[in-house]
Number of protein chains: 2
Amino acid sequence: MRSANKLAEDYIAAWNETDAKRRSDLLAATFAPDATYVDPLMRGTSRSEIDGLIAAVQGRFPEFRFALAGPADGFGDYVRFSWALGPIGAAPVAKGTDFIVRRGDAIGAVTGFLDLVPAAT
Amino acid sequence: MRSANKLAEDYIAAWNETDAKRRSDLLAATFAPDATYVDPLMRGTSRSEIDGLIAAVQGRFPEFRFALAGPADGFGDYVRFSWALGPIGAAPVAKGTDFIVRRGDAIGAVTGFLDLVPAAT
């Protein structure tokens with residue numbers, strides 16, 4: 001069973017993977033098939049829908065990467081962590097905090113909050 | 001329907017209410033009967049169990065009060081906020097971030113994370 005931090009790292013890796021096949025493999029290794037995702041801007045109710053959400057965000061911010069902002073924290077089936085999104089090597093333009101409910105070693109549900117929203121949106 | 005911030009304020013007020021009858025009334029006005037609560041230290045699976053958890057924390061820290069640490073943030077059925085616990089007028093000894101899933105105007109589920117843990121525990 002992955003640690004909270006490893007689960008968060010694998011989650012971020014999926015968000016950063018732009019190769020569709022590799023991203024699909026990462027998602028399959030980390031998300032339950034019926035995993036859900038919701039944040040103030042979008043929602044997905046299956047692993048394949050989440051794949052589509054990630055692809056859409058990558059298309060909108062093609063030069064940006066997600067990074068964990070500090071270590072993840074977890075207990076029981078619950079994990080939380082903060083992240084930053086921005087151009088490689090530059091200050092982040094968006095930040096957020098995600099809450100995850102695990103189902104065993106997989107992600108069952110993600111609820112995302114925004115801590116910093118891009119000024120242009 | 002209460003705003004995210006009002007819901008958080010009412011939640012904190014219940015945690016601070018030491019009169020059993022008034023606390024029960026506050027809980028009834030804010031939590032669903034089958035509301036759940038979980039944090040790294042304790043768990044409750046009904047409003048009455050949550051009442052018992054609050055009474056236990058009050059008994060352990062009789063001179064302490066909870067306060068919201070900044071405004072609550074919410075979208076859809078989801079609310080998050082941070083809090084601080086400490087003696088009135090002194091620096092907090094514990095801090096945390098709670099994540100709530102609403103059921104309409106009521107709290108359906110609380111997942112609590114600890115940001116600062118009392119040194120004595």
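User: Why are H2(B) and H3(B) called oblique to each other?

Analyst: In this predicted model, helix H2 (residues 20-30) of chain B and helix H3 (residues 47-60) of chain B pack at an angle of about 135 degrees. Angles over 145 count as roughly antiparallel and those from 65 to 115 as roughly perpendicular, with the rest oblique apart from angles under 35 degrees, which are roughly parallel. The pair H2(B) and H3(B) is therefore oblique. The axes of the two helices lie 10 Å apart, and the crossing of H2(B) and H3(B) is right-handed.

User: What makes the contact of H2(B) with H3(B)?

Analyst: From H2(B) come B:Arg23, B:Ser24, B:Leu27 and B:Ala28. H3(B) contributes B:Arg47, B:Ile50, B:Asp51, B:Ile54, B:Ala55 and B:Gln58. Sorted by class, this contact of H2(B) with H3(B) holds five nonpolar, two polar and three charged residues.

User: Why is H1(A) described as roughly antiparallel or roughly parallel to H2(A)?

Analyst: Helix H1 (residues 4-16) of chain A and helix H2 (residues 20-30) of chain A cross at roughly 155 degrees, and their axes come within 9 Å. The term roughly antiparallel applies to angles over 145, so H1(A) is roughly antiparallel to H2(A). The crossing of H1(A) past H2(A) is left-handed. On H1(A), the contact is made by A:Leu7, A:Asp10, A:Tyr11, A:Ala13 and A:Ala14, and on H2(A) by A:Arg23, A:Leu26, A:Leu27 and A:Thr30. These residues divide into six nonpolar, one polar and two charged.

User: How do you know which term describes H1(B) relative to H2(B)?

Analyst: In chain B, helix H1 (residues 4-16) and H2(B) cross at roughly 155 degrees, their axes coming within 9 Å. Set against the limit of 145 degrees, that angle makes H1(B) roughly antiparallel to H2(B). The crossing of H1(B) and H2(B) is left-handed. Here B:Leu7, B:Asp10, B:Tyr11, B:Ala13 and B:Ala14 in H1(B) meet B:Arg23, B:Leu26, B:Leu27 and B:Thr30 in H2(B).

User: What makes the pair A:Asp25 and A:Lys21 a salt bridge?

Analyst: The side chains of A:Asp25 and A:Lys21 come to 2.7 Å, N to O, and the criterion is a nitrogen of Lys or Arg within 4 Å of a carboxyl oxygen of Asp or Glu. The pair therefore counts as a salt bridge. A:Asp25 and A:Lys21 are separated by about one helical turn, because they stand four residues apart in helix H2 of chain A.

User: How do you know that B:Arg80 forms a salt bridge with A:Asp115?

Analyst: The closest N and O atoms of B:Arg80 and A:Asp115 are 2.6 Å apart, and a salt bridge requires a separation within 4 Å. Between chain B and chain A the count is two salt bridges; over all chains, the whole structure has 20.

User: Which three residues supply 51% of the area that chain B buries against chain A?

Analyst: B:Phe75, B:Arg80 and B:Phe113 do so, more than any other three residues. Chain B and chain A bury about 1300 Å² between them, with 72% of it on carbon and sulfur atoms. This contact takes 16 residues from chain B and 15 residues from chain A.

Note on methods: Residues are numbered from 1 along each chain as its sequence is written. Chains are lettered from A and ligands numbered from 1 in the order in which they are written. This is a predicted model: local features need pLDDT of at least 70, side-chain atom pairs count only at pLDDT 80 or more; totals for chains, interfaces and linings use all residues. Side-chain values use heavy atoms; hydrogens and water are left out. Axes are lines fitted to C-alpha atoms, for helices over the stretch in contact, and angles run from 0 to 180 degrees between N-to-C directions. A crossing is left-handed if the near helix is turned anticlockwise from the far one by less than a right angle, and right-handed if clockwise. Contact means heavy atoms within 4.5 Å. Ala, Val, Leu, Ile, Met, Phe, Trp, Tyr, Cys and Pro count as nonpolar, Asp, Glu, Lys and Arg as charged, and the others, Gly among them, as polar. Buried area is the accessible area (1.4 Å probe) that two parts lose on being put together, summed over both.
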